[in-house]
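Got the viewer open? Let's take a short walk through this one, stop by stop.

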Amino acid sequence: MTDTTPQKSVLKRVAAVPSLLGGAPQWVKVPLILLVLSFCVYLPFLNILPFAYIRTDLRPNGSDWSTVLFTIALYMIVAVGLNVVIGWAGLLDLGYVGFYAVGAYSIALFGSPASPVTKAIAAQFGLPEGWSMAFAACIPLAICIALIAGVILGAPTLRLRGDYLAIVTMGFGEIIRIVMRNSTWTGGPAGIIAVPEPPAADEDFFNTIDVHRWYWLALAVLVILIWLMRRLEHSRVGRAWLAIREDEDAAAVMGVNAFKYKLWAFAIGASLGAIAGLLFASKQAYVEPNGFQLNLSFLFVAMVVIGGSGNIWGALFGAFLITYLPERFREFESWRPLAFGVALVAIMVLRPQGLFPNRRRARELEDRKHEAEEAAADA
Amino acid sequence: MLLEVKDIVLNYGKIEALHGLSLEVGEGEVVSLIGANGAGKTSTMRAISGVRGVSSGQISFNGENVTNLRADQRMRKGLVLAPEGRGVFPGMTVVENLEMGAYTRRDRAAILSDFERVFELFPRLSERKKQVAGTMSGGEQQMLSIGRALMSRPKLLLLDEPSMGLAPMLIQQIFSIIREIAQQGTTILVVEQNAKQALTLADRAYVLETGNIVKTGKGSDLLTDTSIREAYLGVA
């Protein structure tokens with residue numbers, strides 16, 4: 001990483017904060033990362049006992065293992081994105097499924113020859129029957145639409161604090177779904193079919209049977225996004241988020257335009273959600289409004305909070321737990337809501353900072369507790 | 001005048017905290033604003049730094065009307081607040097807090113020399129570079145808050161209650177450091193409850209009572225003023 005800011009060099013010299021593998025030398029780090037990655041790539045074929053017990057398709061009615069892996073990777077992307085909003089910028093977004101839906105519908109509306117939008121465009125410009133936008137063009141388009149959606153939602157609402165913001169974002173998530181269901185240009189409740197798959201040299205590479213290929217795609221996207229977000233966390237933008245989260249007034253007094261950086265967090269989070277949505281729609285080859293229910297938003301928030309908000313690895317772990325466990329232990333399916341509720345309460349009581357918290361977030365929580373105690377003692 | 005505050009009114013909801021307050025700070029001056037608890041000292045600092053908007057009145061800085069600028073915009077013009085102790089970033093280390101002070105600057109070499117300067121002024125901070133601010137004592141946090149503000153090379157340094165919650169010995173120490181900062185050429189407006197220290201320090205001073213300026217004069221004159229002595233210095 002190049003050192004462009006003086007802050008960073010000073011930081012490295014006197015106050016390097018250790019992180020996961022932070023102290024390990026390069027020759028340990030690189031092979032270790034490669035090892036973990038190759039294991040992840042190999043996972044769909046894992047067949048050696050006793051390790052194969054982690055598979056979800058050992059029982060006759062178990063879920064397809066590759067599909068589960070794909071969903072885990074997909075939700076990990078979501079968790080990484082939502083971690084930017086909740087963990088770093090400190091904004092509680094309960095409508096994140098809205099951005100996920102925006103991404104999914106972007107590719108469906110513009111990439112599927114069966115969508116009303118592509119049909120209208122084709123008719124308008126005299127394009128041949130069955131025209132649709134290329135998959136590659138749909139990616140930047142989906143990101144742009146999500147960015148705009150993020151700004152549209154954020155600009156009027158980010159001046160709200162805490163709970164109010166949560167309520168408004170929750171409404172946003174519902175609005176997106178209801179608009180999709182009730183508009184004719186989105187295919188209404190029936191949704192849109194023939195969402196395209198990514199292009200590949202072998203035309204059949206991404207199909208419905210070899211799901212592990214979809215998993216690999218999601219994994220690759222996830223790795224790239226983790227790398228990007230880590231760069232972002234240690235940039236000036238990341239530092240600004242940290243300052244805003246810790247003390248918004250003090251951040252302003254130090255020259256940080258809180259509104260601008262919050263909007264950035266929202267927009268960046270939105271585009272990551274959209275990328276996940278796009279992958280989801282492409283894999284399903286089909287979107288419908290019911291796939292974007294409000295409870296999905298809560299699940300996303302739970303991933304970040306249980307894992308430990310502010311820490312990418314925590315968010316990833318949260319996404320893994322919440323996606324994998326219910327699939328692995330399908331036999332206890334009817335107990336799922338109860339287990340989920342108990343787990344949530346237990347985490348909030350025993351470990352409010354999450355399983356793998358960000359060190360700073362844990363300290364902020366501690367600090368706030370002290371302040372509350374002092375205030376209570378004064379009263 | 002570097003800072004001109006004219007007839008500002010500040011409201012918290014329906015409660016009016018400042019009722020048309022005016023004050024001035026000239027280039028190179030050290031000005032104190034003294035007053036009891038609840039007189040509106042912190043409100044004045046919030047209004048001047050832009051953390052809270054005023055409902056009427058005007059604030060000019062360096063000949064420019066800054067009344068409608070946000071806090072971060074005012075800060076970029078050199079109007080920098082050192083909030084009272086709790087205003088440091090609790091989860092950041094000492095160095096990271098100081099780095100936040102230099103957030104708007106890009107002149108790498110000068111920033112490094114300012115680090116040295118702050119550590120010279122506050123040797124205590126240089127011993128605790130890696131310590132997390134939230135775990136430090138009140139006095140150390142206060143020093144950090146002042147040091148952080150200095151890192152931005154302010155034209156006018158606004159100090160909000162630097163003695164708040166400190167032991168008498170530390171108060172003396174903090175004030176001698178403030179004096180040193182002033183001698184190095186920084187203009188300072190300090191708001192204080194500790195009238196004796198604030199008046200000794202200041203070229204000029206204002207006395208604030210329930211949202212109004214009730215008295216103004218040279219620091220040394222106010223120190224000997226009978227009514228001030230009675231009300232703020234605890235001597236008859």
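**A stop at Asp7(B)**

Pick Asp7(B) to begin: with 13 C-beta neighbours inside 10 Å, this residue counts as partly exposed. Keep in mind that you're looking at a predicted model. Show the secondary structure and you'll see that Asp7(B) belongs to strand S1 of chain B, residues 3-12. Check its backbone torsions too: phi is positive, about 50°, although Asp7(B) is not a glycine. Most residues other than glycine have a negative phi, and most peptide bonds are trans.

Next, jump to Arg153(B), where phi is again positive, near 50°, in a residue other than glycine. Here you're in a loop of chain B, between helix H6 (138-150) and strand S7 (156-160). Arg153(B) has 19 C-beta neighbours inside 10 Å, so it counts as partly exposed; the cut-off for buried is 20.

**Into the sheet of chain B**

Now select residues 204-209 of chain B, which make up strand S9. Is S9(B) enclosed or open? It's largely enclosed by the rest of the structure, because 5 of its 6 residues are buried. Add strand S3 of chain B (residues 30-35): S3(B) and S9(B) pair in the parallel sense over 5 bridges. For a landmark, find Ser32(B), opposite Ala205(B) of S9(B).

Then bring in strand S10 of chain B, residues 212-218, which runs antiparallel to S9(B) and is joined to it by 6 bridges. Arg204(B) has Lys218(B) in S10(B) as its bridge partner. S9(B) and S10(B) form a hairpin with 2 residues between them, and Thr210(B) in that turn has a positive phi of about 35°.

**Over to chain A**

Select residues 258-284 of chain A to light up helix H11. Put a distance between its end C-alpha atoms: they're 39 Å apart, which agrees with the 39 Å that 27 residues should span at 1.5 Å a residue. H11(A) is mostly covered, with 23 of its 27 residues buried. Just past this helix, Ala285(A) takes a positive phi of about 65°.

Go back along the chain to the loop between helix H2 (26-42) and helix H3 (65-88) of chain A, where you'll find Pro50(A). The peptide bond from Leu49(A) to Pro50(A) is cis, with omega near 5°.

**Last stop: where the chains meet**

Finally, display the contact, made by 21 residues from chain A and 32 residues from chain B. On the chain A side, the elements giving two or more residues are helices H1 (6-15), H9 (236-246), H10 (248-253) and H15 (359-378). Which gives the most? H1(A), with 6 residues. Colour that side by residue type and you get 11 nonpolar, 3 polar and 7 charged residues.

Technical notes:
Residues numbered from 1 in each chain as written. Chains lettered and ligands numbered in written order. Predicted model: local features only at pLDDT ≥ 70, side-chain atom pairs only at ≥ 80, totals over all residues. Contact = placed C-beta atoms within 7 Å. Helix = DSSP H or I, 4+ residues; strand = E, 2+ residues; numbered from the N terminus. Nonpolar A, V, L, I, M, F, W, Y, C, P; charged D, E, K, R; others polar. Expected span 1.5 Å × (residues − 1). Buried ≥ 20, exposed ≤ 12 C-beta atoms within 10 Å, placed from the backbone. Pairing = 2+ DSSP bridges.
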